[in-house]
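I opened the notebook with a short list of things to look up. The ligand site comes first, then strands, then odd backbone spots.

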Amino acid sequence: MPSLVEVKQGLESAGQAHVLQFWPELSEEERTVFLQELAQLDLQGLKEHCETAAKAAASPPASLDQHLEPVPPECIGSVRRSDRKFLTEWENEGLLQISENHVGVLLLAGGQGTRLGVQYPKGMYNVGLPSGKTLYQIQAERIHKIQELAESRHGSKCTVPWYIMTSEFTLTPTEKFFKENNYFGLEPSNIVMFEQRMIPSVTFDGKVILQEKGKIAMAPDGNGGLYQALVDNKVLEDMKKRGVEYLHVYCVDNILVKMADPVFIGFCVSKGADCGAKVVEKAYPAEPVGVVCRVRGVSQVVEYSEIQPETTELRGAGGELVYNAGNICNHFFTRSFLQDVAENFKGQLKQHVAIKKVPFVDTCGNQVKPTKPNGIKMEKFVFDVFPFSRNFVVFEVVREDEFSPLKNADGAATDSPTTARNSLLAQHCQWAAAVGATLLDEHGNTLHPTASVSAGGGLPAQFEISPLVSYFGEGLEQLLTGRTLKTPFVLDDQRAKELQDQ
Ligand SMILES: CC(=O)N[C@H]1[C@@H](OP(=O)(O)O)O[C@H](CO)[C@@H](O)[C@@H]1O
(Lines give C-alpha, C1' and ligand atoms only; values in the text may rest on other atoms or scores of the structure.)
Protein backbone atom coordinates (compact mmCIF):
# COMPACT_ATOMS: atom_id res chain seq x y z
CA MET A 1 0.00 0.00 0.00
CA PRO A 2 1.41 3.46 -0.83
CA SER A 3 2.42 5.62 2.15
CA LEU A 4 0.69 8.84 3.16
CA VAL A 5 3.59 10.81 1.66
CA GLU A 6 3.20 9.05 -1.68
CA VAL A 7 -0.54 9.57 -1.72
CA LYS A 8 -0.06 13.21 -0.79
CA GLN A 9 2.38 13.71 -3.64
CA GLY A 10 0.08 11.95 -6.07
CA LEU A 11 -2.85 14.14 -5.04
CA GLU A 12 -0.75 17.30 -5.27
CA SER A 13 0.48 16.53 -8.75
CA ALA A 14 -3.13 15.83 -9.81
CA GLY A 15 -4.13 19.26 -8.41
CA GLN A 16 -6.23 17.56 -5.70
CA ALA A 17 -4.38 18.43 -2.49
CA HIS A 18 -7.66 19.58 -0.89
CA VAL A 19 -8.65 15.93 -0.46
CA LEU A 20 -6.44 15.79 2.64
CA GLN A 21 -7.54 19.14 4.07
CA PHE A 22 -9.26 17.55 7.08
CA TRP A 23 -6.54 14.95 7.70
CA PRO A 24 -5.39 16.58 10.99
CA GLU A 25 -8.96 16.29 12.36
CA LEU A 26 -9.34 12.57 11.63
CA SER A 27 -8.95 9.87 14.28
CA GLU A 28 -6.31 7.14 13.83
CA GLU A 29 -8.99 4.72 12.73
CA GLU A 30 -10.51 7.17 10.21
CA ARG A 31 -7.05 7.85 8.82
CA THR A 32 -6.39 4.16 8.22
CA VAL A 33 -9.71 3.69 6.40
CA PHE A 34 -9.22 6.85 4.34
CA LEU A 35 -5.67 5.96 3.38
CA GLN A 36 -6.86 2.55 2.23
CA GLU A 37 -9.50 4.22 0.07
CA LEU A 38 -6.99 6.68 -1.39
CA ALA A 39 -4.51 3.89 -2.07
CA GLN A 40 -7.04 2.32 -4.40
CA LEU A 41 -7.39 5.47 -6.49
CA ASP A 42 -5.67 5.57 -9.84
CA LEU A 43 -3.53 8.56 -8.84
CA GLN A 44 -1.76 8.59 -12.22
CA GLY A 45 -5.04 8.90 -14.07
CA LEU A 46 -6.69 11.24 -11.56
CA LYS A 47 -5.60 14.51 -13.13
CA GLU A 48 -6.89 13.48 -16.52
CA HIS A 49 -10.13 12.13 -15.04
CA CYS A 50 -10.86 15.43 -13.25
CA GLU A 51 -9.95 17.58 -16.24
CA THR A 52 -11.93 15.46 -18.69
CA ALA A 53 -14.98 15.53 -16.42
CA ALA A 54 -14.89 19.32 -16.00
CA LYS A 55 -14.32 19.87 -19.70
CA ALA A 56 -17.05 17.45 -20.73
CA ALA A 57 -19.56 19.07 -18.37
CA ALA A 58 -18.67 22.57 -19.60
CA SER A 59 -19.11 21.72 -23.26
CA PRO A 60 -21.44 18.78 -23.77
CA PRO A 61 -20.69 16.81 -26.96
CA ALA A 62 -22.50 17.95 -30.08
CA SER A 63 -25.75 16.12 -30.65
CA LEU A 64 -25.47 13.08 -32.88
CA ASP A 65 -29.00 13.41 -34.16
CA GLN A 66 -28.16 14.68 -37.63
CA HIS A 67 -26.01 11.60 -38.23
CA LEU A 68 -28.65 9.06 -37.21
CA GLU A 69 -30.54 6.64 -39.37
CA PRO A 70 -32.66 3.70 -38.31
CA VAL A 71 -31.40 0.15 -38.70
CA PRO A 72 -33.26 -1.13 -41.80
CA PRO A 73 -36.02 -3.56 -40.74
CA GLU A 74 -34.57 -6.30 -42.96
CA CYS A 75 -31.44 -6.23 -40.78
CA ILE A 76 -33.44 -6.96 -37.65
CA GLY A 77 -34.34 -10.53 -36.71
CA SER A 78 -37.80 -10.64 -35.24
CA VAL A 79 -39.83 -13.06 -33.19
CA ARG A 80 -43.06 -11.63 -34.57
CA ARG A 81 -42.04 -11.63 -38.22
CA SER A 82 -40.13 -14.92 -38.36
CA ASP A 83 -41.50 -18.28 -39.43
CA ARG A 84 -42.21 -20.74 -36.65
CA LYS A 85 -39.69 -23.01 -38.39
CA PHE A 86 -36.83 -20.55 -37.87
CA LEU A 87 -37.79 -19.83 -34.29
CA THR A 88 -37.70 -23.55 -33.56
CA GLU A 89 -34.33 -23.92 -35.28
CA TRP A 90 -32.86 -21.05 -33.26
CA GLU A 91 -34.26 -22.45 -30.05
CA ASN A 92 -32.79 -25.87 -30.84
CA GLU A 93 -29.41 -24.32 -31.55
CA GLY A 94 -29.53 -22.33 -28.29
CA LEU A 95 -30.51 -25.39 -26.24
CA LEU A 96 -27.73 -27.38 -27.86
CA GLN A 97 -25.15 -24.73 -26.96
CA ILE A 98 -26.48 -24.59 -23.40
CA SER A 99 -26.37 -28.39 -23.09
CA GLU A 100 -22.70 -28.30 -24.13
CA ASN A 101 -21.86 -25.78 -21.37
CA HIS A 102 -21.09 -23.09 -23.93
CA VAL A 103 -23.45 -20.47 -22.51
CA GLY A 104 -23.14 -18.22 -19.46
CA VAL A 105 -25.23 -15.34 -18.18
CA LEU A 106 -23.92 -12.11 -16.76
CA LEU A 107 -26.01 -9.85 -14.59
CA LEU A 108 -25.32 -6.12 -14.34
CA ALA A 109 -26.20 -5.39 -10.73
CA GLY A 110 -23.98 -2.54 -9.63
CA GLY A 111 -26.59 0.23 -9.74
CA GLN A 112 -27.87 2.10 -6.71
CA GLY A 113 -31.61 1.97 -7.34
CA THR A 114 -31.91 5.73 -6.80
CA ARG A 115 -35.11 6.12 -8.83
CA LEU A 116 -36.68 3.13 -7.07
CA GLY A 117 -35.70 4.73 -3.76
CA VAL A 118 -34.25 1.68 -2.01
CA GLN A 119 -31.03 1.44 -0.03
CA TYR A 120 -30.35 -2.17 -1.00
CA PRO A 121 -29.59 -3.89 -4.33
CA LYS A 122 -32.51 -3.85 -6.77
CA GLY A 123 -32.27 -7.61 -7.23
CA MET A 124 -33.40 -8.01 -3.61
CA TYR A 125 -36.63 -6.18 -4.37
CA ASN A 126 -39.90 -8.02 -3.88
CA VAL A 127 -42.52 -6.55 -6.22
CA GLY A 128 -45.40 -8.11 -4.28
CA LEU A 129 -46.05 -11.30 -6.25
CA PRO A 130 -48.25 -13.90 -4.50
CA SER A 131 -45.07 -15.98 -3.95
CA GLY A 132 -43.18 -12.98 -2.49
CA LYS A 133 -40.17 -13.79 -4.71
CA THR A 134 -37.44 -11.24 -5.31
CA LEU A 135 -35.93 -10.47 -8.72
CA TYR A 136 -32.80 -12.44 -7.79
CA GLN A 137 -34.85 -15.50 -6.92
CA ILE A 138 -36.88 -15.37 -10.13
CA GLN A 139 -33.66 -15.13 -12.13
CA ALA A 140 -31.96 -17.97 -10.24
CA GLU A 141 -34.96 -20.22 -10.86
CA ARG A 142 -34.93 -19.42 -14.57
CA ILE A 143 -31.30 -20.52 -14.76
CA HIS A 144 -32.22 -23.71 -12.98
CA LYS A 145 -35.02 -24.39 -15.42
CA ILE A 146 -33.12 -23.61 -18.61
CA GLN A 147 -30.36 -26.01 -17.50
CA GLU A 148 -33.02 -28.64 -16.93
CA LEU A 149 -34.65 -28.04 -20.34
CA ALA A 150 -31.31 -28.29 -22.15
CA GLU A 151 -30.44 -31.40 -20.17
CA SER A 152 -33.68 -33.17 -20.91
CA ARG A 153 -33.47 -32.24 -24.61
CA HIS A 154 -29.91 -33.48 -25.03
CA GLY A 155 -29.45 -35.93 -22.19
CA SER A 156 -26.30 -34.33 -20.83
CA LYS A 157 -26.00 -32.58 -17.49
CA CYS A 158 -25.06 -28.95 -18.00
CA THR A 159 -24.33 -25.68 -16.21
CA VAL A 160 -25.09 -22.09 -17.07
CA PRO A 161 -22.68 -20.15 -14.86
CA TRP A 162 -24.07 -16.93 -13.44
CA TYR A 163 -21.63 -14.01 -13.40
CA ILE A 164 -22.86 -11.13 -11.29
CA MET A 165 -21.22 -7.74 -11.56
CA THR A 166 -21.79 -5.76 -8.39
CA SER A 167 -20.35 -2.52 -7.08
CA GLU A 168 -19.11 -1.32 -3.71
CA PHE A 169 -22.77 -0.61 -2.89
CA THR A 170 -24.17 -3.99 -3.84
CA LEU A 171 -21.51 -6.68 -3.36
CA THR A 172 -21.77 -7.33 0.38
CA PRO A 173 -25.58 -7.30 0.63
CA THR A 174 -25.89 -9.42 -2.51
CA GLU A 175 -23.43 -12.01 -1.22
CA LYS A 176 -25.20 -12.13 2.13
CA PHE A 177 -28.62 -12.43 0.51
CA PHE A 178 -27.55 -15.32 -1.71
CA LYS A 179 -25.95 -17.13 1.20
CA GLU A 180 -28.98 -16.66 3.45
CA ASN A 181 -31.17 -18.05 0.68
CA ASN A 182 -28.93 -21.01 0.04
CA TYR A 183 -28.08 -19.68 -3.42
CA PHE A 184 -31.68 -20.39 -4.42
CA GLY A 185 -30.76 -24.02 -4.99
CA LEU A 186 -27.96 -23.28 -7.46
CA GLU A 187 -24.45 -24.61 -6.97
CA PRO A 188 -22.49 -21.75 -5.30
CA SER A 189 -19.35 -22.47 -7.34
CA ASN A 190 -21.34 -21.64 -10.49
CA ILE A 191 -22.18 -18.15 -9.22
CA VAL A 192 -19.29 -15.76 -9.69
CA MET A 193 -19.70 -12.35 -8.08
CA PHE A 194 -17.25 -9.59 -8.81
CA GLU A 195 -17.03 -5.85 -8.35
CA GLN A 196 -16.84 -3.06 -10.88
CA ARG A 197 -14.59 -0.09 -10.21
CA MET A 198 -15.66 3.09 -8.50
CA ILE A 199 -14.48 6.51 -9.65
CA PRO A 200 -14.52 9.89 -7.91
CA SER A 201 -17.28 12.41 -8.53
CA VAL A 202 -15.90 15.80 -9.48
CA THR A 203 -17.04 19.45 -9.14
CA PHE A 204 -17.61 21.67 -12.16
CA ASP A 205 -14.13 23.12 -11.65
CA GLY A 206 -12.50 19.72 -11.72
CA LYS A 207 -12.04 19.02 -8.00
CA VAL A 208 -12.68 15.63 -6.42
CA ILE A 209 -15.70 15.90 -4.10
CA LEU A 210 -15.24 15.04 -0.43
CA GLN A 211 -18.35 13.33 0.85
CA GLU A 212 -17.09 13.29 4.42
CA LYS A 213 -13.91 14.67 5.98
CA GLY A 214 -12.26 11.31 5.42
CA LYS A 215 -14.19 9.99 2.42
CA ILE A 216 -14.26 10.79 -1.26
CA ALA A 217 -17.60 10.78 -3.12
CA MET A 218 -17.25 7.73 -5.35
CA ALA A 219 -19.67 6.32 -7.90
CA PRO A 220 -19.64 3.13 -9.98
CA ASP A 221 -18.09 3.63 -13.42
CA GLY A 222 -21.33 2.81 -15.25
CA ASN A 223 -22.43 -0.57 -16.62
CA GLY A 224 -19.72 -0.20 -19.28
CA GLY A 225 -17.28 -0.61 -16.40
CA LEU A 226 -17.98 -4.28 -17.16
CA TYR A 227 -15.06 -4.57 -19.56
CA GLN A 228 -12.48 -3.30 -17.05
CA ALA A 229 -14.06 -5.44 -14.34
CA LEU A 230 -13.82 -8.56 -16.56
CA VAL A 231 -10.09 -7.96 -16.71
CA ASP A 232 -9.62 -6.95 -13.06
CA ASN A 233 -11.41 -10.09 -11.89
CA LYS A 234 -10.16 -12.58 -14.49
CA VAL A 235 -13.70 -13.38 -15.57
CA LEU A 236 -12.73 -14.17 -19.16
CA GLU A 237 -10.25 -16.75 -17.87
CA ASP A 238 -13.02 -18.28 -15.79
CA MET A 239 -15.27 -18.45 -18.85
CA LYS A 240 -12.52 -20.10 -20.86
CA LYS A 241 -11.87 -22.65 -18.15
CA ARG A 242 -15.53 -23.61 -18.11
CA GLY A 243 -15.77 -23.72 -21.91
CA VAL A 244 -18.21 -20.78 -22.06
CA GLU A 245 -18.17 -19.30 -25.57
CA TYR A 246 -21.34 -17.18 -25.47
CA LEU A 247 -22.49 -14.74 -22.85
CA HIS A 248 -25.96 -13.31 -22.32
CA VAL A 249 -25.55 -10.00 -20.48
CA TYR A 250 -28.63 -8.40 -18.92
CA CYS A 251 -29.80 -5.74 -16.50
CA VAL A 252 -31.14 -6.69 -13.07
CA ASP A 253 -34.43 -4.83 -13.29
CA ASN A 254 -36.41 -6.58 -16.02
CA ILE A 255 -38.82 -9.00 -14.34
CA LEU A 256 -39.52 -10.79 -17.64
CA VAL A 257 -35.87 -11.40 -18.60
CA LYS A 258 -35.34 -14.74 -20.35
CA MET A 259 -32.04 -15.83 -18.88
CA ALA A 260 -29.79 -17.48 -21.48
CA ASP A 261 -32.75 -17.25 -23.88
CA PRO A 262 -32.11 -20.16 -26.27
CA VAL A 263 -33.96 -18.43 -29.13
CA PHE A 264 -31.78 -15.31 -28.87
CA ILE A 265 -28.58 -17.30 -28.35
CA GLY A 266 -29.46 -19.60 -31.25
CA PHE A 267 -30.31 -16.64 -33.49
CA CYS A 268 -26.98 -14.92 -32.77
CA VAL A 269 -24.97 -18.13 -33.15
CA SER A 270 -26.71 -19.06 -36.43
CA LYS A 271 -25.94 -15.61 -37.83
CA GLY A 272 -22.28 -15.91 -36.83
CA ALA A 273 -22.63 -12.75 -34.72
CA ASP A 274 -19.99 -11.66 -32.24
CA CYS A 275 -22.32 -9.19 -30.62
CA GLY A 276 -26.11 -8.79 -30.49
CA ALA A 277 -28.85 -6.75 -28.88
CA LYS A 278 -32.47 -7.52 -28.12
CA VAL A 279 -34.93 -4.73 -28.77
CA VAL A 280 -38.65 -4.08 -28.39
CA GLU A 281 -40.79 -1.59 -30.24
CA LYS A 282 -40.74 1.64 -28.24
CA ALA A 283 -43.99 2.24 -26.37
CA TYR A 284 -44.00 6.04 -26.79
CA PRO A 285 -41.49 8.60 -28.09
CA ALA A 286 -40.17 9.74 -24.72
CA GLU A 287 -39.86 6.25 -23.24
CA PRO A 288 -36.56 6.15 -21.31
CA VAL A 289 -34.91 3.45 -23.40
CA GLY A 290 -31.90 3.75 -25.67
CA VAL A 291 -32.49 3.24 -29.39
CA VAL A 292 -30.51 0.89 -31.55
CA CYS A 293 -29.76 2.82 -34.73
CA ARG A 294 -26.90 3.74 -37.03
CA VAL A 295 -24.63 6.68 -36.39
CA ARG A 296 -22.66 7.63 -39.49
CA GLY A 297 -23.47 4.19 -40.81
CA VAL A 298 -22.33 2.26 -37.71
CA SER A 299 -24.85 0.36 -35.58
CA GLN A 300 -24.94 1.35 -31.96
CA VAL A 301 -27.23 2.52 -29.17
CA VAL A 302 -28.02 6.16 -28.63
CA GLU A 303 -29.11 6.55 -25.02
CA TYR A 304 -32.41 8.24 -24.19
CA SER A 305 -30.59 11.00 -22.32
CA GLU A 306 -28.54 11.86 -25.42
CA ILE A 307 -31.17 12.08 -28.16
CA GLN A 308 -33.24 15.16 -28.96
CA PRO A 309 -36.97 14.91 -28.18
CA GLU A 310 -37.76 16.01 -31.77
CA THR A 311 -35.81 13.03 -33.10
CA THR A 312 -37.64 10.56 -30.87
CA GLU A 313 -40.93 11.89 -32.20
CA LEU A 314 -40.14 11.44 -35.91
CA ARG A 315 -42.60 9.14 -37.65
CA GLY A 316 -42.53 7.25 -40.92
CA ALA A 317 -45.19 7.14 -43.64
CA GLY A 318 -47.21 4.49 -41.78
CA GLY A 319 -47.22 6.52 -38.54
CA GLU A 320 -44.64 4.29 -36.85
CA LEU A 321 -41.75 5.83 -34.91
CA VAL A 322 -38.63 6.11 -37.07
CA TYR A 323 -36.39 5.33 -34.06
CA ASN A 324 -38.39 2.45 -32.80
CA ALA A 325 -35.85 -0.19 -31.76
CA GLY A 326 -35.83 0.18 -27.98
CA ASN A 327 -32.79 -1.29 -26.23
CA ILE A 328 -33.83 -3.63 -23.41
CA CYS A 329 -30.31 -4.16 -22.11
CA ASN A 330 -30.09 -7.81 -23.16
CA HIS A 331 -26.88 -8.35 -25.02
CA PHE A 332 -25.12 -11.28 -26.62
CA PHE A 333 -21.32 -11.47 -26.79
CA THR A 334 -18.91 -14.16 -27.86
CA ARG A 335 -16.03 -14.71 -25.48
CA SER A 336 -13.58 -13.93 -28.25
CA PHE A 337 -15.26 -10.57 -28.88
CA LEU A 338 -15.00 -9.76 -25.17
CA GLN A 339 -11.36 -10.77 -25.24
CA ASP A 340 -10.82 -8.44 -28.17
CA VAL A 341 -12.53 -5.59 -26.31
CA ALA A 342 -10.48 -6.28 -23.19
CA GLU A 343 -7.23 -6.25 -25.14
CA ASN A 344 -7.82 -3.58 -27.72
CA PHE A 345 -10.84 -1.40 -27.20
CA LYS A 346 -11.80 -0.92 -23.57
CA GLY A 347 -9.67 2.22 -23.29
CA GLN A 348 -11.58 3.75 -26.19
CA LEU A 349 -15.01 3.51 -24.58
CA LYS A 350 -16.87 6.79 -24.59
CA GLN A 351 -17.31 8.59 -21.26
CA HIS A 352 -20.81 9.88 -20.62
CA VAL A 353 -21.44 12.77 -18.30
CA ALA A 354 -24.13 12.70 -15.64
CA ILE A 355 -24.69 15.87 -13.65
CA LYS A 356 -25.97 14.95 -10.17
CA LYS A 357 -26.59 16.28 -6.68
CA VAL A 358 -23.66 14.88 -4.69
CA PRO A 359 -23.62 15.41 -0.88
CA PHE A 360 -20.33 16.97 0.25
CA VAL A 361 -18.45 18.66 3.12
CA ASP A 362 -17.78 22.35 2.59
CA THR A 363 -14.45 24.03 3.33
CA CYS A 364 -15.52 24.61 6.96
CA GLY A 365 -16.25 20.91 7.38
CA ASN A 366 -20.06 21.16 7.31
CA GLN A 367 -22.04 18.37 5.67
CA VAL A 368 -24.12 19.79 2.80
CA LYS A 369 -26.98 18.15 0.91
CA PRO A 370 -27.08 20.19 -2.27
CA THR A 371 -30.41 21.34 -3.66
CA LYS A 372 -28.94 21.91 -7.12
CA PRO A 373 -26.71 19.60 -9.13
CA ASN A 374 -23.10 20.21 -8.11
CA GLY A 375 -21.19 17.18 -9.27
CA ILE A 376 -20.13 15.28 -12.34
CA LYS A 377 -20.25 11.52 -12.52
CA MET A 378 -18.53 9.92 -15.47
CA GLU A 379 -20.03 6.70 -16.74
CA LYS A 380 -19.34 4.16 -19.42
CA PHE A 381 -22.19 2.32 -21.11
CA VAL A 382 -22.22 -1.42 -21.72
CA PHE A 383 -23.47 -1.07 -25.29
CA ASP A 384 -20.68 1.29 -26.38
CA VAL A 385 -18.68 -1.71 -27.59
CA PHE A 386 -21.16 -2.39 -30.41
CA PRO A 387 -19.22 -0.27 -32.92
CA PHE A 388 -16.21 -2.56 -32.42
CA SER A 389 -18.20 -5.60 -33.51
CA ARG A 390 -17.53 -7.28 -36.84
CA ASN A 391 -20.96 -8.81 -37.08
CA PHE A 392 -23.55 -7.10 -34.93
CA VAL A 393 -27.14 -8.35 -35.01
CA VAL A 394 -30.41 -7.04 -33.64
CA PHE A 395 -33.26 -9.25 -32.45
CA GLU A 396 -36.71 -7.84 -31.86
CA VAL A 397 -38.89 -9.51 -29.26
CA VAL A 398 -42.42 -8.94 -27.99
CA ARG A 399 -42.60 -6.44 -25.15
CA GLU A 400 -45.40 -8.21 -23.27
CA ASP A 401 -43.33 -11.40 -23.30
CA GLU A 402 -39.92 -10.06 -22.41
CA PHE A 403 -39.71 -6.51 -21.11
CA SER A 404 -41.12 -4.90 -18.00
CA PRO A 405 -38.40 -3.10 -16.09
CA LEU A 406 -38.48 -1.95 -12.50
CA LYS A 407 -37.10 1.59 -12.47
CA ASN A 408 -39.44 3.77 -10.39
CA ALA A 409 -41.13 3.65 -7.01
CA ASP A 410 -44.84 2.88 -6.84
CA GLY A 411 -46.96 5.85 -7.75
CA ALA A 412 -45.16 6.35 -11.06
CA ALA A 413 -47.24 5.57 -14.14
CA THR A 414 -44.65 3.27 -15.67
CA ASP A 415 -41.88 0.83 -14.78
CA SER A 416 -42.89 0.48 -11.14
CA PRO A 417 -43.28 -2.52 -8.79
CA THR A 418 -46.98 -2.61 -9.71
CA THR A 419 -46.42 -2.60 -13.47
CA ALA A 420 -43.67 -5.24 -13.14
CA ARG A 421 -45.87 -7.48 -10.98
CA ASN A 422 -48.85 -7.10 -13.31
CA SER A 423 -46.78 -7.87 -16.40
CA LEU A 424 -45.56 -11.14 -14.91
CA LEU A 425 -49.02 -12.15 -13.68
CA ALA A 426 -50.61 -11.24 -17.03
CA GLN A 427 -48.08 -13.43 -18.80
CA HIS A 428 -48.78 -16.35 -16.50
CA CYS A 429 -52.55 -15.95 -16.92
CA GLN A 430 -52.03 -16.06 -20.66
CA TRP A 431 -49.94 -19.20 -20.46
CA ALA A 432 -52.72 -20.82 -18.43
CA ALA A 433 -55.39 -19.70 -20.89
CA ALA A 434 -53.32 -20.94 -23.84
CA VAL A 435 -53.44 -24.49 -22.50
CA GLY A 436 -57.13 -24.29 -21.68
CA ALA A 437 -57.19 -23.60 -17.94
CA THR A 438 -59.95 -21.50 -16.40
CA LEU A 439 -59.13 -19.14 -13.55
CA LEU A 440 -61.66 -18.07 -10.93
CA ASP A 441 -61.51 -15.11 -8.55
CA GLU A 442 -61.85 -15.68 -4.79
CA HIS A 443 -65.68 -15.56 -5.15
CA GLY A 444 -65.69 -18.24 -7.83
CA ASN A 445 -66.31 -15.91 -10.80
CA THR A 446 -64.54 -16.74 -14.04
CA LEU A 447 -61.66 -14.43 -14.88
CA HIS A 448 -60.62 -13.52 -18.37
CA PRO A 449 -56.94 -13.51 -19.27
CA THR A 450 -55.51 -10.04 -19.57
CA ALA A 451 -53.74 -9.62 -22.86
CA SER A 452 -51.54 -6.76 -21.84
CA VAL A 453 -51.41 -4.66 -18.74
CA SER A 454 -49.57 -1.87 -20.49
CA ALA A 455 -52.22 -1.80 -23.21
CA GLY A 456 -54.74 -0.82 -20.57
CA GLY A 457 -56.35 -4.19 -19.78
CA GLY A 458 -57.86 -4.89 -16.36
CA LEU A 459 -55.84 -6.23 -13.47
CA PRO A 460 -54.51 -9.73 -14.04
CA ALA A 461 -55.51 -12.57 -11.75
CA GLN A 462 -53.25 -13.51 -8.84
CA PHE A 463 -51.98 -16.52 -10.72
CA GLU A 464 -48.25 -17.15 -10.69
CA ILE A 465 -46.15 -19.93 -12.16
CA SER A 466 -42.77 -20.71 -10.65
CA PRO A 467 -39.93 -20.64 -13.19
CA LEU A 468 -39.00 -24.03 -11.72
CA VAL A 469 -42.22 -25.33 -13.32
CA SER A 470 -42.11 -23.44 -16.62
CA TYR A 471 -39.45 -21.21 -18.19
CA PHE A 472 -41.56 -19.70 -20.93
CA GLY A 473 -44.97 -21.36 -20.89
CA GLU A 474 -43.77 -24.85 -21.87
CA GLY A 475 -44.83 -28.05 -20.16
CA LEU A 476 -48.09 -26.72 -18.79
CA GLU A 477 -50.56 -28.88 -20.72
CA GLN A 478 -50.23 -31.93 -18.50
CA LEU A 479 -50.71 -29.75 -15.42
CA LEU A 480 -53.35 -27.24 -16.42
CA THR A 481 -55.36 -28.28 -19.48
CA GLY A 482 -59.04 -28.50 -18.65
CA ARG A 483 -58.56 -27.41 -15.04
CA THR A 484 -60.48 -24.74 -13.17
CA LEU A 485 -58.35 -23.07 -10.53
CA LYS A 486 -59.31 -20.63 -7.84
CA THR A 487 -56.96 -17.67 -7.39
CA PRO A 488 -54.76 -16.59 -5.68
CA PHE A 489 -52.82 -19.60 -6.93
CA VAL A 490 -49.09 -20.21 -7.08
CA LEU A 491 -48.09 -23.08 -9.32
CA ASP A 492 -44.85 -24.09 -7.65
CA ASP A 493 -42.99 -27.40 -7.74
CA GLN A 494 -45.11 -28.91 -4.99
CA ARG A 495 -48.42 -27.92 -6.59
CA ALA A 496 -47.18 -29.18 -9.94
CA LYS A 497 -46.51 -32.61 -8.42
CA GLU A 498 -49.96 -32.68 -6.82
CA LEU A 499 -51.63 -31.73 -10.11
CA GLN A 500 -49.67 -34.36 -11.98
CA ASP A 501 -50.69 -37.05 -9.51
CA GLN A 502 -54.39 -36.14 -9.66
C1 LIG B 1 -26.53 2.55 -20.17
C2 LIG B 1 -27.61 1.56 -20.36
O3 LIG B 1 -27.36 0.37 -20.43
N4 LIG B 1 -28.85 2.07 -20.46
C5 LIG B 1 -29.97 1.17 -20.65
C6 LIG B 1 -30.67 0.95 -19.31
O7 LIG B 1 -31.17 2.18 -18.87
P8 LIG B 1 -31.15 2.67 -17.32
O9 LIG B 1 -32.07 3.87 -17.27
O10 LIG B 1 -29.71 3.00 -17.05
O11 LIG B 1 -31.61 1.54 -16.47
O12 LIG B 1 -31.75 0.04 -19.47
C13 LIG B 1 -32.74 0.46 -20.43
C14 LIG B 1 -33.78 -0.66 -20.52
O15 LIG B 1 -34.38 -0.90 -19.30
C16 LIG B 1 -32.10 0.70 -21.78
O17 LIG B 1 -33.05 1.14 -22.70
C18 LIG B 1 -30.99 1.72 -21.65
O19 LIG B 1 -30.39 1.93 -22.90
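**Entry 1: the ligand site.** I started with the backbone. An N or O atom of the G290 main chain sits 2.9 Å from a ligand oxygen. I noted that this is a predicted model. Next I went to the side chains. Y304 brings a side-chain N or O atom to 2.4 Å from an oxygen of the ligand. For K407, the corresponding side-chain distance to a ligand oxygen is 2.6 Å. I then looked up how covered the ligand is. On its own it has 440 Å² of accessible area, and the protein covers 90% of that.

Which residues of the shell are closest to the ligand? I found 13 residues around it, with R115, E303, Y304, N327 and K407 as the closest. I sorted the shell by class: 7 residues are nonpolar, 3 are polar and 3 are charged.

**Entry 2: strand β13 and its partners.** I moved on to β13, which spans residues 291-295. Of its 5 residues, 4 are buried. I checked both pairings. Strand β1, residues 68-70, runs antiparallel to β13, and 3 bridges join them. In that pair, L68 faces V295 of β13. Strand β14, residues 298-302, is also antiparallel to β13, over 5 bridges. There V295 stands opposite V298. So I have V295 written down twice, opposite L68 and opposite V298. The hairpin of β13 and β14 leaves 2 residues between the strands. One backbone value caught my eye there: R296 has a positive phi near 50°.

**Entry 3: positive phi elsewhere.** I kept a general point at hand: most residues other than glycine have a negative phi. I then looked up two more residues. K234 is not a glycine, yet its phi is positive, about 55°. K234 sits in the loop between α7 (226-232) and α8 (235-242). Is K234 buried or exposed? Its relative accessibility is 53%, so K234 counts as exposed.

A260 is not a glycine either, and its phi is also positive at about 55°. I placed A260 in the loop between β11 (246-251) and α9 (262-270). A260 is buried, because its relative accessible area is 0%.

**Entry 4: a cis peptide bond.** I looked at omega next. The bond from T487 to P488 is cis, with omega near -5°. Most peptide bonds are trans. P488 belongs to the loop between β24 (484-486) and β25 (489-491).

**Entry 5: L476.** I picked out a residue in the loop between β23 (463-465) and α14 (477-480), namely L476. What is the relative accessible area of L476? I read 0%, so L476 is buried. I listed its contacts, leaving out residues up to four places away in sequence. L476 touches W431, V435, I465, V469, S470, T481 and L491. I also took one long span. T311 is 165 residues from L476 in sequence, and their C-alpha atoms are 44 Å apart.

**Entry 6: the sheet with β19.** I traced an open sheet of 3 strands, in the order β7-β19-β16, with antiparallel pairing. Which strands stand at its edges? They are β7 (202-203) and β16 (352-356). Each has a single partner strand, so one side of each lacks a neighbour in the sheet. I followed β16 to its partner. β19 (residues 375-379) pairs with β16 over 5 bridges, antiparallel. Within this pair, V353 stands opposite M378 of β19.

**Entry 7: the sheet with β21.** I found another open sheet of 3 strands, ordered β22-β21-β24, and here the pairing is mixed. β22 (446-447) and β24 are at the edges. Each of these two has a single partner strand, so one of its sides has no neighbour in the sheet. What is the sense of the pairing between β21 and β24? It is parallel, over 3 bridges, with β21 covering residues 438-440. L439 stands opposite L485 of β24. I also went back to the cis bond: P488 lies in the loop that runs between β24 and β25.

Key:
Residues are numbered from 1 along each chain as its sequence is written. This is a predicted model: local features need pLDDT of at least 70, side-chain atom pairs count only at pLDDT 80 or more; totals for chains, interfaces and linings use all residues. Side-chain values use heavy atoms; hydrogens and water are left out. A residue is near a molecule or strand if one of its heavy atoms lies within 4 Å of it. A polar contact is a pair of N or O atoms within 3.5 Å; within protein, one must be able to donate a hydrogen and the other to accept it, and residues adjacent in sequence count only if both atoms are side-chain atoms. Accessible areas come from the Shrake-Rupley method with a 1.4 Å probe; for residues, only the protein chains shown count as cover. Ala, Val, Leu, Ile, Met, Phe, Trp, Tyr, Cys and Pro count as nonpolar, Asp, Glu, Lys and Arg as charged, and the others, Gly among them, as polar. Buried means under 20% relative accessible area, exposed over 50%, partly exposed in between (1.4 Å probe, protein chains only). Two strands pair if DSSP finds at least two bridges between them. Contact means heavy atoms within 4.5 Å.
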